[in-house]
Amino acid sequence: MSLYLAIETSCDDTSVAVVSPDGHVRLCRSQSQDASHAIFGGIVPEIASRNHSHFLLPLIDNVLRDAGAKPADLSGIVVTNRPGLIGSLIVGVVTAKSLALAWNKPWLGVNHLEGHLLAPFLRDDSYTPAFEFGEPYLALTVSGGHSSLYDVEGLGRYHVLGATLDDAAGEAYDKFGKMLGLGFPGGVQVDRLAQGGDPSKYAFPRGLMHEDTLDMSFSGLKSASHRLLSAMAPDEMERERAHLCAGFQQAVVEVLLHKLDKARKKTGRRRVVLTGGVSANSELRRQTEAWAKRVKCELAVPPLRYCTDNAAMIGLVGALRMERGERATMSDGPSPASATGDFQ
């Protein structure tokens, strides 16, 4: 079986994996940068790219050694080359190209969002996908930078059904957490506190819920949250945090599931994937699983280790594409945006 070295540096996580085209992950390891960015309350692009430069080569050495793979064993090198923070992408792409030259291996750039679309089809010793990649399916991808619905017909055939018109759901989560003083990243803390709160105590708006569109909007939710919290005394906000988090979370989950169900009815798909960093959210996972049972859809959700940015998902996309003959040239480079034709 072919083996591919995969590199992911599109944002603030440095990740390296060794993956085969059937989706088997021999090893995937990531270096978080949360501690470096927490003091600023968000990701600082310059710090992210500098840290990638510091972490990446030692992580590649570490992963290859512990995966029992040598450069000679590799069929190619794949790397996220779009979209993302341009400084972070440059570090990954230049490293991949340098190793390709040094080891005389082909390389290929991969769209980060395509990685999330295929993440539920990774497999390892403790995870097997709910269904196999190949048949058409509906995908809801939710992260800090994206919230979109796709109709997936096969590798490279992705139709955008709807997307957020402003803020992504994950971005709204982190900003809400910051307003509550929960630190960075705030989304995880909001999810944790929400589990002890009453979601009906505070009413938060549901953007575009009643519009005949699959697009979403979370900026109004963020603004309404700011107005609500600004009117509270610090001790009241502290006392009510669990209820506030529960109400905010219910508003986000309700919008996402409403749009997902609308897309199911429009496309008639019976296979659905939930993916992206926010798919790690416990309430979104719980309610999506209940919805899938209710409407009799097959649902695939990656385990938490493959929800957030990771090189394994990039490895699967790149391996499948390289197996069918796709290659990059040394003149190819990174881009902060998706390429024309990546999505229809």
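Visitor: What makes Phe-176 and Phe-248 count as buried?
Guide: Phe-176 is buried, and Phe-248 is too, because that word is kept for under 20% relative accessible area (over 50% is exposed, in between is partly exposed; 1.4 Å probe, protein chains only). This is a predicted model, in which local features need pLDDT of at least 70 and side-chain atom pairs pLDDT 80 or more, while totals for chains, interfaces and linings use all residues. Residues are numbered from 1 along each chain as written, and side-chain values use heavy atoms, without hydrogens or water.

Visitor: How many aromatic pairs are there, and why is the pair of Tyr-150 and Phe-343 called tilted?
Guide: There are 11 aromatic pairs (ring centres of Phe, Tyr or six-membered Trp rings within 6.5 Å; planes under 30 degrees stacked, over 60 edge-to-face, the rest tilted). Tyr-150 and Phe-343 lie 5.3 Å centre to centre with 40 degrees between their planes, and are therefore tilted.

Visitor: What does the pair of Tyr-150 and Phe-343 tie together?
Guide: Tyr-150 is in strand 7 (residues 147-154) and Phe-343 in the segment after helix 11 (311-323), so parts 193 residues apart in sequence are tied together; helices (H or I, at least four residues) and strands (E, at least two) are DSSP runs, numbered from the N terminus.

Visitor: Why is the pair of Phe-176 and Phe-248 called stacked?
Guide: Their ring centres are 4.1 Å apart and their planes at 5 degrees, so the pair is stacked. Phe-176 belongs to helix 5 (residues 169-179) and Phe-248 to helix 8 (residues 234-267), so this pair ties together parts 72 residues apart in sequence.

Visitor: How do you know that Ile-86 is partly exposed?
Guide: Ile-86, in helix 3 (residues 86-103), has 37% relative accessibility and therefore counts as partly exposed.
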